[in-house]
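Notebook open, coffee at hand. I wanted to look through this structure one topic at a time and jot down what turned up.

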Amino acid sequence: MNKNEMKIPIDQVKVNDVVLVKPGEKVPVDGIIIKGSSTVDESMITGESMPVEKQAGDKVIGATLNKIGSFTFKATQVGEGTLLKKITRFVEEAQASKAPVQKLADTVSNYFVPATIFIAVATFLVWVGLGYVTWFALTAAVSVLIIACPCALGLATPTAIMVGTGLGAKKGILIRGGEALQTMEQVNTIVFDKTGTLTEG
C-alpha cells in the first residue's frame, strides 16, 4: 500500500474523495474515473452479462465488480445518493404503494368490518335470548368473526404487493408500484432484444 493510500470503511467515503479500486474488488460508491482503465461487471444494475470497458472520464456505479485492471476515481455520490440506494428506496416505495384493487378492498372493509361485528354481537344476543349458556353463545359469535375474517380482506392485498415486488427485485425486475403489478396481469407478450436485456423503459 502506498504511503498516501489508506483503507477506510465505505460509510466514511465522502464526495470528491479519490478512491483506488484494484482487480477483483467492488466499486464502493458512484463516481468518475480519473486515472487507469479496466472492465467492470455491471450486470447487477444493467442485467448485461458482458463486462463494460471503463477508462478516464467514464462513470462507475457502486457495488459493481471490477474485473481486470485497476483505476482511481473521484466519488460523486455516496451513502443514500448512490444508484444502488436509490433502487432500494424505489422498491420500498413500490411495496408501500396501493394498487387499485387494494383501494377497493379498503372501501369494502370500511363497511364489511362493522357489519361482521354487528352480526357477531347479534348472534351472541340471539343465542343468549334463546336460553343457551353464555359460553355457547360466545362460541357462536366468535365463529361468525372467524368465518367472515374481515381482517384478511384488508391484509391480503398489501401483503401480496409486498411479496410480489420483493421477489421481483430479487430477480432483477423493478416494479414501479401496486398499480403496475396489477396491470401486469393483462400482459400476454414481453419482447426482448437479441441479448435478452431491456435497454429502454
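My entries below go through strands, aromatic rings and a pocket.

**Entry 1: before starting**

I am working from a predicted model, so I keep that in mind throughout.

**Entry 2: strand pairing**

I began with strand S7, which covers residues 71-77. Which strands pair with S7? I found strand S1, residues 18-21, running antiparallel to S7 over 4 bridges. Strand S2, residues 30-36, also pairs with S7 in the antiparallel sense, here over 6 bridges.

I then looked up individual partners. Val-18 has Lys-74 as its bridge partner in S7. For Lys-35, the bridge partner in S7 is Thr-72.

**Entry 3: aromatic pairs**

How many aromatic pairs does a search of the whole structure find? I noted 5. One of them joins Phe-71 and Phe-73, with 6.2 Å centre to centre and 50° between the planes, and it is listed as tilted. Are Phe-71 and Phe-73 buried or exposed? Both are buried.

Next I turned to Trp-127 and Phe-136. Why is this pair edge-to-face? The ring centres are 5.2 Å apart, and the planes stand at 85°. Planes over 60 degrees apart count as edge-to-face, so the pair of Trp-127 and Phe-136 gets that label.

I checked accessibility here too. Trp-127 has 27% relative accessibility and therefore counts as partly exposed. Phe-136 is likewise partly exposed, at a relative accessible area of 31%. The cut-offs make sense of both calls, because partly exposed lies between buried, under 20%, and exposed, over 50%.

One more note for this entry: Trp-127 and Phe-136 belong to one aromatic cluster together with Tyr-132 and Trp-135.

**Entry 4: the second largest pocket**

What is the volume of the second largest pocket? I wrote down about 840 Å³. The pocket is lined by 29 residues, and those closest to its centre are Ile-8, Val-13, Val-19, Leu-20 and Pro-28.

I was curious about which elements contribute. S1 and helix H2 (83-96) each give at least two residues to the lining. Which of the elements has the largest share of the lining? That is S1, with 4 residues. This is the strand I had already met in Entry 2, paired with S7.

Last, I sorted the lining by residue type: 15 are nonpolar, 5 are polar and 9 are charged.

**Entry 5: to remember**

S1 came up twice, as an antiparallel partner of S7 and as a supplier of the pocket lining. S7 pairs with S2 as well.

Key
Residues are numbered from 1 along each chain as its sequence is written. This is a predicted model: local features need pLDDT of at least 70, side-chain atom pairs count only at pLDDT 80 or more; totals for chains, interfaces and linings use all residues. Side-chain values use heavy atoms; hydrogens and water are left out. Two strands pair if DSSP finds at least two bridges between them. Rings of Phe, Tyr and Trp (its six-membered ring) pair if their centres lie within 6.5 Å; planes under 30 degrees apart count as stacked, over 60 as edge-to-face and the rest as tilted. Buried means under 20% relative accessible area, exposed over 50%, partly exposed in between (1.4 Å probe, protein chains only). On a 1 Å grid over the protein atoms alone, a cavity is a set of points where a 1.4 Å probe fits but cannot get out, and a pocket is an open set with protein on both sides within 12 Å along at least five of seven lines; lining residues have an atom within 4 Å of a point. Grid points are joined across faces, edges and corners, and a volume is the space filled by probe spheres set on the points. Ala, Val, Leu, Ile, Met, Phe, Trp, Tyr, Cys and Pro count as nonpolar, Asp, Glu, Lys and Arg as charged, and the others, Gly among them, as polar.
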